[in-house]
Amino acid sequence: MIKTLLTGIIVFFSFSQISAQDKIITGKVTENETSAVLPGVSVGVKGTGIGAVTNNEGKYSISIPSSANVLVFSQVGMQTTEISIGTQLNINVRLTQDNKQLNEVIVNAIGIETQRDKFASSVSTVKGKSIAQSGEANLLTGMSSKVSGVLITRNGGDPGSGGYIQLRGQNTINGNAQPLFIIDGMPVSNSNDNVGAAAANGIVQQSRINDINPADIESVEVLKGASAAALWGTRAANGVIIIKTKRGSNTNGKLNITYKSALSFDRVNKLPALQSTYGQGSGGYYNQGNKVSFGDLISSRSGGSDTYITRPGDAGYQGYVTFPNGSQRYAIPSGTAASPHGGKNSTDTYDHYDDIFQTGHFWENNLSLSGGDSKSTFLMSYGNLKQDGIAKALSSYGRNTARINASTQFNSWLRGSANVGYAKISSQRNQEGDNVDGLMLGATRTPADFDNRDYAGTYTSITGEQFQNAHVSYRNPLGKDLGTIYANPIWNLFNNRNSSDVDRITGTMELNVTPAAWLNVTGRTGIDNFSDDRTERFARNSATFLNGYLSKNLLVEKQFNTDVFASANKTWNNQFKGTLLAGFNYNSRRRSTRSDAISNLIIPTAPDILTNALNSNLVAGNSTSLIRTYAYYLQTDLEALDMFYLTLTGRDESASTFGNKTSSSFFFPSAALAWQLTKLKAFNQLGFLDFAKLRVNWGQVGIQPQPYQNLTVFSPAVYGDTFTRGLSSTSSLYGGGYSRSFIEGNNYLKPERKTETELGLDLRMFKSRVTFSATVYHNKTKDVILSLGVPNETGFTVRNTNAAVLSNKGIELDGGADIINQNGFRWNVSANFSANRNKVVSLAGASVYTLPDAFLQLASLIPGQPFGVFYSTDFLKDGSGKYILDKNGFPQPGISNEIVGNPNPKWQGGLGTTFAYKNLSLYILFSRVAGNAVFNGTRGSLYSIGTHGDQGQTATAPAGGLRDVNGTLIPGGSSFQGYITDFGAGPVAINQAWWQGRGSASNTASYKQFVEDGSATRLREATLTYTLNSHSFQQFTHLAAVDFSLTGRNLVLWTKYTGVDPETNVTGAGLSRGQDWFNNPNTRSFIFSLQIRY
Amino acid sequence: MKNLTTVVLMCAVLALGTLNSCKKLFDNPDINANPNAVTNVDLQTLMGGTLLGVGLLHEDTDVRIAAMWAGQLTGLSRAHLGYAQYIVSAQNFTWVPLYPVAGQARLMQLKADSAGNAWGKGIGQVLEALVIAKATDLYGDVPYSQAFDAVRYPTPVFDKQLDVYAALQSTLDNAVINLSASTGSAYPAKDFIYKGDVKKWKAAANTLKARLYLHIGDYAQALKYAQQGIAAADADALIPHGSAIGVDINQNYDFFAVSRIGDVGFDGSYLAKLMQSRIRSANTKTDETALYNYFFKTGITATNSLDGNTVDGAFVASAAHPLLTFYENQLILAEAQARLGQYNEALAALNSVRASLNNGVINGRTFSSTGRRYDAYTLADFGPAGLANSTGSANLQIALLYEIISQRYICFLMQYEAFNDYRRLAGAVPLVQLPIPLNTGSQRPQRFIYPQVEINTNPNVPKPLADQFTKLPVFP
C-alpha cells in the first residue's frame, strides 16, 4: 500500500520539468455509459502543470510540449483516466463513473440535490447499476448487504415474493414497520397485504416497491437518521428510502440506445433433511395410508412388488385406484408383530423434493432510449421480466414496465419535467406454510417409501362405483372420495392456483420557476395508483377445500401527493451563505378492498365465476380507508467559513387519523451540523488525510395512527376457533346478528414520536484511495401505539393506546480502499458493518405483548428485552434452571411461557471486492448476519411425523433395556428407530413415543428445543464483467460498447441452521421475525447478461 | 423582476387558498366515520350475534379437549395428540371469544334496561350465565364480580369458584324473574334458538340452575330446579347448522371432516367401549347399535379407523349442537332423586329419556330404528342380578346411579358436561364412577391452565400458576 503510494509520488515528481509547447490537441469528453457531454473536466499533461478544462459541450483544446506523452482526464465522481498521446491530435475520451462516494451529489428528503460533503446526516447510496447487477429480480433484495444499517430479509423463495427491510431496528408496532419509499419526490406504496384464504400464511405476497424496474433506477438513497427524514413527519419513523430514476442527459442531440438482456437459472439452495430408512406406519409396522413414518425398516423388506388385496370380499379389500398410465394400486396388508412389513415388499424410496422442484429461470429484457441537448432531456425505457419459479407448475412472475422521464428548460426561468412509470405485474404462487395444501408441508410429511408422482387417478370403490379425478396422497393412497388430509404436493402444484395481477401507474409532474437567481419555486404533484386483482382457486378434492373454493380479491390503492416549496439563497459574503426553504405538502391515500369467495363449487372445472355455487356458500366483503395529511415545512441551510454546514428543519403536520379528543397537528423538528475538519489549518500537517467531516444531528419523526382506531365498532358476528373455520352470522340460519369488536377504540391517540441523535465521521485518505465512515446513533420512540392486550374479562381483548417506549442504539461503519490501481489493474475492497441493539423500554405497565403476527405466540415485547423476543415454552425447570426429570429420566412439559430466543441479529456486515484489469472486472460480495435466532418449526413438526432426517437412525438398547418417555421398557439388544440420549438421569430412548409427545413442536411441551442459531454467511454475489468498447470495435460495429456479465447469486451459504435458508419468515414482512414453518425454500442463481449500448 | 412579482403573487394566492381549505380536507365521510363498520347496534341485532358466540363456545377446541380428557374422544395427531397426552401450557388456552361474548351478553342487559325490556334482559342473563359457567367449570376461580367494566376495573379480581357459582345462581334467578314479566320483546326473528319463546328460555335457565346445583352436590335444589326445567325434547336449546364452510357448518364436522381430518377419532375411546358393552349384552332392554352407528362410523379418515359419523350421523355438517337439553334435565332429575333415595322417581326420569331415545330422538335429529331399543326399566332391573345392573352391585342406589351416569356420559357426546361429570363423580357421595382410563401417566387432568394472555395482562391471576392436574374447589 505505502509502497505503491511512494512509487506514485516518485513518478509524479520525475516528470515535473516543464518543456516547450509545440502541439495542440483537441477532443471531446463524454460519460461512458450515457454519452452525456462532460463540461468542467480537467485535462492535464502528466508530469507537468499544463492543463485545460472542457467547455459546456465537453470540448477541450490544449497545447502540449512535444515531450509530453500522457494526458490525464479527471473530474470529481469520475475515474481518472490516462491516455497515451502518441501521434494523435484529436483525442475523444469516455470517462467512467467512480462508484466511490466522493464529493458526489445526493438527493435530500424532498428531492433537492445537495452535496454529500455538506450533508450532516448519514445517507447510504446504492447505485442502480449495482442493484441491477446483483442478479436479484427485485429491487428490495437487490440492495441486500450493499449498505450498512439496512437489514433485508426475503419473505420466501417464490418468484416475485416480497422482502422485509428494516433500518436501524424496529421502531414501531403500529401497522407496517417498513421505511417510507419516495420515487422522484413522490411517496409510493410498499404494501404487502395478505387477504383472502391466503391471509393465514398460505401465500408469500409481493412487496409493492418491487414493481419498479431495477434497470430504471439511477440511485437509491437510504436516509437512516431521523434528522434527514424529518421533513416527512409522521411517515418517516422507520426511515426514508429515496429512489431516483434514470434521466436523459445532454448528449448534444445524440440518441443513446441501451439494450440489456439477462438470463437467470435458479436452483433451490437449501432444504431440510429427510430420512429414508423407515417406512410408512407406526410402532415399527408398515401401514398403508398411515399418518406417520415410524414404520418398518425399509432395507429389511424382501424387495419386488407389493402384495395387494385385489379380490373383492377379501378382508381389507378397499377397491382400487387406476392411474393414467393404466397401473393400479390396491390396499396393502398392514404389518404385524409376526410380519412387520405386511404386504409391503418394495424397498424403493423417493426424493420428494425432486418431484416438485425444478431449475427455475428468468429472462429479462430492457431497452432504453435517451438523450438530450442543452435544453431538454428525455429517457424512455421498457423492461420485461419473465420468471418461472423453482416449483414445477403455477409458479411465475412477469413484470412489464415502461417509463418516460422528460424535462425541458422552457425559458430562462421556467423548467418543467415529468416522470411517469407504468408497471404490469402478473404472478402465480404456490401455497406454503402451516397449511395442509402447503408445498413443503405435503412433500416433507410424505413417507420416503410413498411415490407422490402418481397423484391422480380414478378410484373404484368396493361397490364398483368409480370416482374420476381422485386426489391420491400418502394418507389417501387409493384416492377414496374423501379428504386427503395433507395434499399430495404434486397434485397441488397442478391444481391449486393463486394469481395476482397488478396494474400500477406512478408519476410526477414538476415545475421549477426561477424568477431571480436567488429564488426558486418548485411545484410537484404526483400519483401512485394500483390495483391488485387476486384469484385463489382450490380445486375440488384439495386438502383445504374438499368441494373446491374460489376467491376473487381486488385491492386498490390510490395515493396523491403535492408539494409546493420555495427556496431562497443569500450570500452575505465569502464566509456566510444560506438557503431558506418553505413548503407545503398535501397527501391523500385511499385504499379499498373487495373480496368475494365461494365454496362447494357446483361445477368443479368451471372458469373463475362467482356464480358457481349456492348463495349460502358465498362470502363477500369490502373495506375502504382514507387518510389525509397536510403539512407546512421549513428548512434552513447555513454555510459558514467554508467548513460549517448547519441544517434546521421543521414540519407541522395535521393528519386525519387522530381521534377528535386530541389535537390533529404536530410539529417535528431537526437540526444537523456538518463540520469539515480538514478545512482547519491544523489538518494541513496530516498529509495523508484529504478530507474529514464530523457530523452531529438530532431530529424527530413520527408515526400516525392507523385510520379508524378511535371508535369501538360493531360488525356482523364472526367467531373463530384455532382448529376450525368458525361461524358467521351472515348465514340465513343465524339471521345476521352483530357483535361488538373485541378492540376497544381510543379517541385520544397521538402520533408516535421517535427522537434520534446521531454522531458521525467521514474520512478520505491517501488521495481519496481510502475512505471510511462511521456513525453511531441512539433513538427512542415514545407513545408507540400499541394494541395493548387487556384482560379479556373486561369484554375486550385489545385497547389501542399510546403506550410503549422503544429504543435502538447502534453503530454503522463503511470503508473502502483502492489497494492497487496501476497499469490498468485495479483492486479495491469495500466493507460495511452494523450492529443494532433494540430494547422495549416500557409497555405502559403490561408485562408482555404478543405481536399480532406472532406464530405460535412466539414473538413478543417484554420490557427490558429486545423487540420481538421468542416468548414461549420450555421444559419444566427447577430454581437453578435445570430440567426437572420425570421418573423415567425425561424432561417434562412446561406449562407457561418464558423467553426462549432472540430473532434480532447481533451484527451484520458485507465485504465486497473488485478486481479489474482494463475492461474485465470481477466483483465478489460476502455477507454475514450473525446472532439471530430462528424458530425451526418445520423440524419440530416433522418430528411428530417421523420423516425428518434426524429420525433415520437405528439404535440398539443396551443390556438391561432402556425406558422411553412413556415408561415402556425396550428390552436389551432390541433395536428401534431413534437414538439413545441422557438428560442427566442415565441413558434413555428417544423414539416414536418421544417424538409424538414432548419432542415435537405440535404441542407446547417445549418450543425452545426448536429455536436454532440462524447466523449465516453467504457468498451473496460474484459478478464477472467484460466490456468490449475498443476503438476498432466501435468503428466496425457503430456501437458504443457491449458488456458481458456472468453473475452468481447466493452461491454458497454457510450456516448451522438445519432448515431452509434462514433468510425466511413465515409471516412475511410482518413485525415478528425468524419464524420458519414449512416455508418454501430459497434459491441460488446464475445469471448471464448482455448489454448493448449504441 | 416582473417574473418575480408574478410568482410571489401566485404563491400568495396559493398559500392563502390552501390555508383556508386545509381544515376542509378532513371533512369527508370516510374520515369522520369508519366506513367499514357501525358504532352502535340495536338489542335484537346484538342478541343474534351474542347467541352465535355462545353457540360456538359449546363446540370449540376447549370442548374437544374436555372430551379427550373425559375419555370420549381420542387424540391421534398433531396438536390434539399432545392435548390427549395432557401436554398443555398456558399458551394453549384463551378466553377469546369467551369473555367478550359474555361481555356482549352483559351489554344486551344494559340495552334492555334502557328500553325497559325485561325479556331481552332475561335472555342476556341466561346467555351470560351459560358462558361464565363454562369458564368457571374449566378454570375454577375466574373474574366475574368485576368483569365487563374496563373503566372501573381494568384488571378484575378472580372470584372464588364457589362465589362464582353463587353469583350465577343469582343471575339466573333474576333471569327467571325477568323472563316471567308480563310483557317484553324477545325478537322471534333474531332468536335462532327459541324463536322468542320466553317460556323455553325460562325452562333453560332452570335447567342450568339445576346443573350448577348438581355440581356442588346440592341435590335438593338440583331436583327443585330440574322440575321447572326443560320438559320436552322439542324444547332443547340447540345451535342450528348448515352447509357453508366457515359460515354455519357444525364445528365438530368442520374439525373431523374438513379442517383437521384424522387428528382425533373414537378408536379406543371409553365412550365407544361403553356403548359397545350395551350392544348384544345381558341388558336385553337396551340395544345401543343404532345410536353407536349414529355417533361413529368406521373407515372415514383411514382404513378401519373409528371416526365421528360425519356422513349420516351425529356429526354431519347440518347437525345442530346442544347447549342445554331435555335429556340433561331429566338425568339431573334422575341422579338427584337417586342420590336422595327417591328411586321410583329417579327411574321415571331415566325412563323418560329412554322413551324418547326409543323414538330415535337426539339433539333435534332422529337416528335409525335398526338396532334401537330402550325399553323402560323397572327397579328390579337394578337388583343384584338385574339386567341393567352392569357392575353387579348389591346396592340398588349404586346400580341405579351407575346406569344414570352411563346414560349421562352417552348423552353428553362432545359436551363439556361429560368432563364435569368425570371430575364431579370422583367426589360425589355415594361414590359411583365410570372406569375411564387415563390416556397417559398417573394423574387425572382436572382443569385448564389460565391463558397466557391473562398471565400477561392481569396481575390478579392466582399464583403459583396451577397446572392441569390441580383440582378445582367445586370438584374436590
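How many positive and how many negative side chains does chain B have, and how far apart do the centres of the two sets lie? There are 37 of each sign, and the centres of the two sets lie 2 Å apart.

## Confidence and overall picture of chain B

Keep in mind that this is a predicted model. For the complex, the predictor reports an ipTM of 0.94, along with a pTM of 0.88. Chain B itself averages a pLDDT of 94, and 95% of its residues score at least 70.

Chain B is built with 18 helices and 10 strands. Put a box around its C-alpha atoms along the principal axes, and you get roughly 120 × 55 × 45 Å. The chain has 476 residues, and 65% of them count as buried. Its accessible surface is about 16,000 Å², with 55% of that belonging to carbon and sulfur atoms. If you take the contacts in chain B with a separation of 6 or more, 71% are between residues 24 or more positions apart.

## Odd backbone spots in chain B

Now for some backbone details. Most residues other than glycine have a negative phi, and most peptide bonds are trans. Chain B has a cis peptide bond from V96(B) to P97(B), with omega near 5 degrees. P97(B) sits in the loop between α5 (78-84) and α6 (98-115) of chain B. Y86(B) is found in the loop between α5 and α6 of chain B too, and it has a positive phi of about 65 degrees despite not being a glycine. Is Y86(B) buried or exposed? Y86(B) counts as buried because its relative accessibility is 3%, and the cut-off for buried is under 20%.

There is also a cis bond from V429(B) to P430(B), this one with omega near -10 degrees. To find P430(B), look in the loop between α17 (417-424) and α18 (452-457) of chain B.

## Paired strands in chain A

Over in chain A, follow β30(A), which spans residues 547-571. On one side of the story is β29(A), residues 519-540, which pairs with β30(A) in the antiparallel sense over 21 bridges. Within that pairing, R537(A) stands opposite L550(A). The hairpin of these two strands has 6 residues between them, and N541(A) takes a positive phi near 80 degrees there.

β30(A) also pairs with β31(A) (residues 576-599), again in the antiparallel sense, over 23 bridges. Here L554(A) is opposite R594(A), and the hairpin has 4 residues between the strands.

Another antiparallel pair is β26(A) (residues 456-460) with β27(A) (residues 466-471), joined over 4 bridges. A456(A) faces H471(A) across this pair. Between the strands of the hairpin are 5 residues, and G464(A) has a positive phi near 90 degrees.

## A covered helix in chain A

How many of the 9 residues in α7(A) are buried? The count is 9 of 9 for this helix, which runs over residues 937-945. Among them are R939(A), L942(A), Y943(A) and I945(A). The cover over these buried residues includes α5 (439-445), β51 (933-936), α8 (992-995), β58 (1011-1013) and β61 (1075-1076) of chain A. Right after α7(A) comes G946(A), with a positive phi near 90 degrees.

## Two loop residues in chain A

I356(A) belongs to the loop between β21 (328-330) and β22 (360-372) of chain A. Why does I356(A) count as buried? Its relative accessibility is 0%, and buried means under 20%. Apart from neighbours within four places in sequence, I356(A) is in contact with I390(A), A391(A), K392(A), L439(A), A443(A), P489(A), I490(A) and L493(A). As for G868(A), which is 512 residues away along the chain, its C-alpha atom and that of I356(A) are separated by 34 Å.

K918(A) is found in the loop between β49 (907-917) and β50 (920-930) of chain A. K918(A) isn't a glycine, yet its phi is positive, at about 50 degrees. Is K918(A) buried or exposed? K918(A) counts as exposed because its relative accessibility is 62%, and exposed means over 50%.

Technical notes: Residues numbered from 1 in each chain as written. Chains lettered and ligands numbered in written order. Heavy atoms only, no water. pLDDT = per-residue confidence, 0-100. Buried < 20%, exposed > 50% of the residue type's maximum accessible area, 1.4 Å probe, protein only. Contact = heavy atoms within 4.5 Å. Areas by Shrake-Rupley, 256 points an atom, 1.4 Å probe, with all protein chains shown as cover. Lys, Arg positive; Asp, Glu negative; His and termini not counted. Charge placed at Lys NZ, Arg CZ, Asp CG, Glu CD. Pairing = 2+ DSSP bridges.
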